[in-house]
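The following exercises are to be worked through with the sequence and the structure at hand. Each task is followed by a solution in steps.

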Amino acid sequence: MIGIGASPGIAIGTTFVKRNPDIEIKKKKIIHADEEIIRLKDALLKSKEEIRLILKKAADEIGNEEAKVFEAHLMILDDPEMYGQIENKIRGAKVSTEEALEEVSKTYIGLFENMDNLYMRERAADIKDVTKRVLRNLTGADTVSLADIKGQVIIVADELTPSDTAQMDKTRVIGIITELGGKTSHSSIMARTLEIPAVVGAGKEIEHIKSGDTVIIDGDKGTVILNPEEALIKKYTAKKEACQQLKKKLKSFIGKDTITKDGIKVELAANIGTPEDVDGVLKNDGEGIGLYRTEFLYMDRDTFPTEEEQFIAYKSVLERMGGKPVVVRTLDIGGDKILPYLALPEEMNPFLGLRAIRLCLNNKEIFKTQLRALLRASIYGNLKIMFPMISSVEELREAKKILEKVRQELKNEGIRYSFKIEIGMMIEVPAAAILSEIFAKEVDFFSIGTNDLLQYTVAVDRGNKEIANLYNPFHPALLRLIKNVIENGHKEGIWVGMCGEIAGDPRLIPVLVGMGLDEFSMSPISILNTRFIISNLIKKELEKKSQEIINCSTAEEVCEVLDSICVK
Amino acid sequence: MINVDVVLKNESGLHARPASQFVQEASKYKSDITIVKDQNRYNAKSIITILSMGAGKGDRLMIEASGEDEKKAVEALQALVDNCFDEGVAL
């Protein structure tokens, strides 16, 4: 069986199958309305008690964000309007409590699901979850509760709701398989937070799995093997142990500074796309966020996100990072990333076209909305704003001018924002790298985006397989540019970071340390390994090596020098 | 019965967190509390109603309460709106 690998790792074990019974509501006329009302009140009370318990458990085990869902559930259960309508239906139409409840909640679910605001649509899910719970309490339907699993199990379910996961005894769950869902569904996020291997969206086939079966799940690849042979179990057990060994070693680096043997400290930050990704950053002890790709806020929807929606997202990231630096990159759309609701002219060379800052400067209202949301959120943490794809000083100045205008507007409206926001730019266009000496006088920091910088420097489309061999991060031209940018930044006293792939590449990390890179930003799972690597380096020696690398003629020669470092 | 006119000055209006805060505050009082917007009446103690009302920044509302603690209720809700639900607006 193949699904979506939603949380990495391997689990081998016995299954515990949880399927939600379909509660069938029999339509029947009732005689004693008062009795139905009493049943309704009892079921509501019981549901409230259950949710209060779950709320407490969720707050203790997962965190306050998760717990908020249940506070919303409680408010829905207490809602006098909804209650009144159900009561009216029972008395007026003489229908059973179940039928009345279902009809009323259906109306509201429909109402909320059709709103164009994401927050409202999420509330529809809350009403659904609450209704199910009350119905279960009304019918006394026997559901398998995740609260009483025994031993260590792999949970198999059609899908897991927040109430399901909050109830389950997480110390007993070693893996999760679901029929529905995707990478961002609730079960996936929870599994990643708790570091439990999970495969989601495995489809109807999982109906063949019975409680007590043996399964192997590979959360990296998304595979599920039902009743595997002995040889396979052996193979996966070995793989699992190797993973765990490494994990254990890396865990010992949590809470430590990232510091070379000769005492040079650097900052290890994380790249994120959504507020939920902060979980992984905190878990892996990221020292900040070096790249928050805000375009995800704009994708997978039909309209631009409002200022308020953006504000909520930025505020949540800043608050959760608790004063640690958060570098937010302004909208980087265009190129290979398009929005269904923003008509852009077709381009011959989209990567050389209207994208990122160019698009924002051409559509100032979009840009200003984002900047307003960012400034308003700035009082909740340590915000740094970064402009992508800057290729000329004029562009940078114009972007800064718009930011200043937005500041002025907020001030006039009496809206607070932080006065200490650092403003930086991505170095991903060769022109910016070459002019970095001048740019450094006008920004507070640089962050080198190596994926694009390499693509533009060697003039290779990184998606084209025919010339993939030419897209080589060991190209001496790229490394020279990087060294130059770092030196030019330091000459003006600003810090220089890197948020491209190679910042987390074990082979290149030593030479980047040697060049004096101040901040490395990478996917959260690479952080601890990088800290481990850096803690074994001596910067003084690497400074010489980085000079050697600059003098290399070919990528091959660069690799030879790198190998001479990595041998240790 | 007493009532008071208010204007929503906070960014998100009566959505998300402010809506919950408003309903939670209203639910503390025994009085019947109604919000009147564009001549429609909404139950201030119902989160579902308040959310579906869709009141945004700049909207004018009337808060109306009747019951033994009507004065207190109106004052508390007015303060909540005037202080922008602690969203941090004023300098």
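**Exercise 1. A salt bridge between two helices**

Characterise the contact between the side chains of R133(A) and E50(A), and decide where in the chain the two residues lie.

Solution. The model is a predicted one.
Step 1. The side chains of R133(A) and E50(A) form a salt bridge, with an N to O distance of 2.6 Å.
Step 2. R133(A) belongs to helix α5 of chain A and E50(A) to helix α1 (residues 33-61) of chain A, so the pair ties together parts that are 83 residues apart in sequence.
Step 3. Both R133(A) and E50(A) are buried.

**Exercise 2. Two further salt bridges**

Describe the setting of the salt bridge between K239(A) and D218(A), then that of the salt bridge between E68(B) and K30(B).

Solution.
Step 1. The side chains of K239(A) and D218(A) meet at 3.4 Å, N to O. This pair links distant parts of the chain, with K239(A) in helix α8 (residues 230-251) and D218(A) in strand β6 (residues 214-218) of chain A, 21 residues apart.
Step 2. Burial is assigned under 20% relative accessible area, and partly exposed lies between that value and 50%. K239(A), at 33% relative accessibility, therefore counts as partly exposed. D218(A), at 2%, therefore counts as buried.
Step 3. In chain B, the side chains of E68(B) and K30(B) form a salt bridge of 3.9 Å, N to O. E68(B) is in the loop between β4 (60-66) and α3 (70-82), K30(B) is in the loop between α1 (16-26) and β2 (32-37), and the two are 38 residues apart.
Step 4. Both E68(B) and K30(B) are exposed.
Step 5. Elsewhere, E295(A), R329(A), D332(A), R355(A) and D452(A) are joined into one network by salt bridges that share partners. Over all chains, a search of the whole structure finds 43 salt bridges.

**Exercise 3. The interface of chains A and B**

How many residues of chain A are in contact with chain B, and which elements of chain A give two or more residues to that side?

Solution.
Step 1. The contact involves 24 residues of chain A and 22 residues of chain B.
Step 2. The two chains bury about 1,900 Å² between them, of which 66% is on carbon and sulfur atoms. On the side of chain A, M75(A), Y119(A) and R416(A) lose the most area to chain B, together 26% of what that side buries.
Step 3. Between chain A and chain B there are zero salt bridges, but four residue pairs are in polar contact.
Step 4. The elements of chain A that give two or more residues to this side are α2 (64-77), α3 (80-93), α4 (97-113), α5 (118-139), α10 (307-320), α12 (364-377) and α13 (393-413). Helix α5(A) gives the most, with four residues.
Step 5. By class, this side of chain A has 13 nonpolar, one polar and ten charged residues.

**Exercise 4. Surroundings of E307(A)**

Is E307(A) buried or exposed, and which residues does E307(A) touch beyond four places in sequence?

Solution.
Step 1. E307(A) lies in helix α10 of chain A. With a relative accessibility of 15%, E307(A) counts as buried.
Step 2. Beyond four places in sequence, E307(A) touches T369(A), R372(A), A373(A), R376(A) and E11(B).
Step 3. T369(A) is 62 residues from E307(A) in sequence, yet their C-alpha atoms are 5.6 Å apart.
Step 4. The side chains of E307(A) and R372(A) are joined by a polar contact of 2.9 Å.

**Exercise 5. A buried asparagine**

Determine the element that holds N271(A) and the partner of its side chain in a polar contact.

Solution.
Step 1. N271(A) is in strand β8 (residues 267-272) of chain A. N271(A) counts as buried, at 12% relative accessibility.
Step 2. A polar contact of 2.6 Å connects the side chains of N271(A) and S521(A).
Step 3. Not counting residues up to four places away in sequence, N271(A) touches residues including L291(A), R293(A), C499(A) and P524(A).

**Exercise 6. The nonpolar cores**

Which residues touch the most other members of the largest nonpolar core?

Solution.
Step 1. This core has 99 residues, and F446(A), I482(A) and F520(A) touch the most other members.
Step 2. Among the residues that I482(A) touches are I448(A), M498(A) and L512(A).
Step 3. Another core, of 64 residues, lies apart from the largest one and includes A67(A), V95(A), A73(B) and V81(B).

Conventions: Residues are numbered from 1 along each chain as its sequence is written. Chains are lettered from A and ligands numbered from 1 in the order in which they are written. This is a predicted model: local features need pLDDT of at least 70, side-chain atom pairs count only at pLDDT 80 or more; totals for chains, interfaces and linings use all residues. Side-chain values use heavy atoms; hydrogens and water are left out. Contact means heavy atoms within 4.5 Å. Buried area is the accessible area (1.4 Å probe) that two parts lose on being put together, summed over both. A salt bridge is a side-chain nitrogen of Lys or Arg within 4 Å of a carboxyl oxygen of Asp or Glu. A polar contact is a pair of N or O atoms within 3.5 Å; within protein, one must be able to donate a hydrogen and the other to accept it, and residues adjacent in sequence count only if both atoms are side-chain atoms. Ala, Val, Leu, Ile, Met, Phe, Trp, Tyr, Cys and Pro count as nonpolar, Asp, Glu, Lys and Arg as charged, and the others, Gly among them, as polar. A nonpolar core is a set of buried Ala, Val, Leu, Ile, Met, Phe, Trp, Tyr and Cys residues joined through side-chain atoms within 4.5 Å. Buried means under 20% relative accessible area, exposed over 50%, partly exposed in between (1.4 Å probe, protein chains only).
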